[in-house]
Amino acid sequence: MSVETSVVSFPVWQLTSMGITVLLAFFGFVFTIWKTVTALRDRDAKDAKKCAAKAVAKANENEKSILGLRAELPIEYVRREDWIRNQTIIEAKLDGLADKLDNQGGCRG
């Protein structure tokens, strides 16, 4: 039994062109992957920036709303007229109580 070996021979220019073709295909594949990944990254970055801008706008809107409430709250919570009315009622009740005490004290003394 004999083993036949075959030797394929290529000219140098064919081997060189095949090597260059394989290298170009490999680098083209890597470049395509790199472009795809960077495009996805850029899209995600743009989405993140849009979300951040929306969040900032919402925060500013909430801050303005809170500042508006802080400005209106003292006016709505206790008005000067309310304080004057309540103070008048309290003073009238104190005067009535003082009159009662004076009348009772006058009878004993």
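Tutor: Helices here are DSSP runs of H or I, at least four residues, numbered from the N terminus. Keep in mind that this is a predicted model.

Student: In which helix does phenylalanine 26 lie?
Tutor: The protein has two helices and zero strands. One of them spans residues 12-77, and phenylalanine 26 falls in that run. The element is helix 1.

Student: Is phenylalanine 26 buried, partly exposed or exposed?
Tutor: Buried means under 20% relative accessible area, and exposed means over 50%. Phenylalanine 26 has 47%. That value lies in between, so the residue is partly exposed.

Student: What is the accessible area of the nonpolar surface patch that includes Phe26?
Tutor: Patch members include Leu23, Phe27 and Val37. Phe29, Val30 and Ile33 also belong. Together with Phe26, these residues have an accessible area of about 700 Å².

Student: How is the pair of phenylalanine 31 and tryptophan 34 classed?
Tutor: The count comes to two aromatic pairs. In the pair of phenylalanine 31 and tryptophan 34, the centres are 5.9 Å apart and the planes are at 35°. Planes under 30 degrees apart count as stacked and over 60 as edge-to-face. The angle fits neither, so this pair is tilted.

Student: How far apart along helix 1 are phenylalanine 31 and tryptophan 34?
Tutor: Both residues lie in helix 1. Their spacing is about one turn of the helix. In sequence, that is three residues.

Student: What radius of gyration does the protein have?
Tutor: A compact globule of 109 residues would come near 13 Å. The C-alpha atoms here fill a box of roughly 150 × 35 × 15 Å along the principal axes. Buried residues make up 1% of the protein. The radius of gyration is 46 Å.

Student: What distance separates the C-alpha atoms of valine 7 and isoleucine 66?
Tutor: Valine 7 sits in the segment before helix 1. Isoleucine 66 is 59 residues away along the chain. Their C-alpha atoms are separated by 86 Å.

Student: Which residue forms a salt bridge with aspartate 82?
Tutor: The whole structure holds three salt bridges. Aspartate 82 lies in helix 2 (residues 80-108), with its partner three residues apart in that helix. The closest N and O atoms are 3.3 Å apart. The partner is arginine 85.

Student: Which residue meets aspartate 42 in a salt bridge?
Tutor: Aspartate 42 is partly exposed at 39%. Its partner is exposed at 51%. The N to O distance is 3.6 Å, and the partner is arginine 41.

Note on methods: Residues are numbered from 1 along each chain as its sequence is written. This is a predicted model: local features need pLDDT of at least 70, side-chain atom pairs count only at pLDDT 80 or more; totals for chains, interfaces and linings use all residues. Side-chain values use heavy atoms; hydrogens and water are left out. Patches are made of residues with over 30% relative accessible area and no salt bridge: like charges are joined within 9 Å, nonpolar side chains (Val, Leu, Ile, Met, Phe, Trp, Tyr) within 5 Å. Accessible areas come from the Shrake-Rupley method with a 1.4 Å probe; for residues, only the protein chains shown count as cover. A salt bridge is a side-chain nitrogen of Lys or Arg within 4 Å of a carboxyl oxygen of Asp or Glu. Buried means under 20% relative accessible area, exposed over 50%, partly exposed in between (1.4 Å probe, protein chains only). Rings of Phe, Tyr and Trp (its six-membered ring) pair if their centres lie within 6.5 Å; planes under 30 degrees apart count as stacked, over 60 as edge-to-face and the rest as tilted. The radius of gyration is taken over C-alpha atoms; the globule rule is 2.2 Å times the number of residues to the power 0.38.
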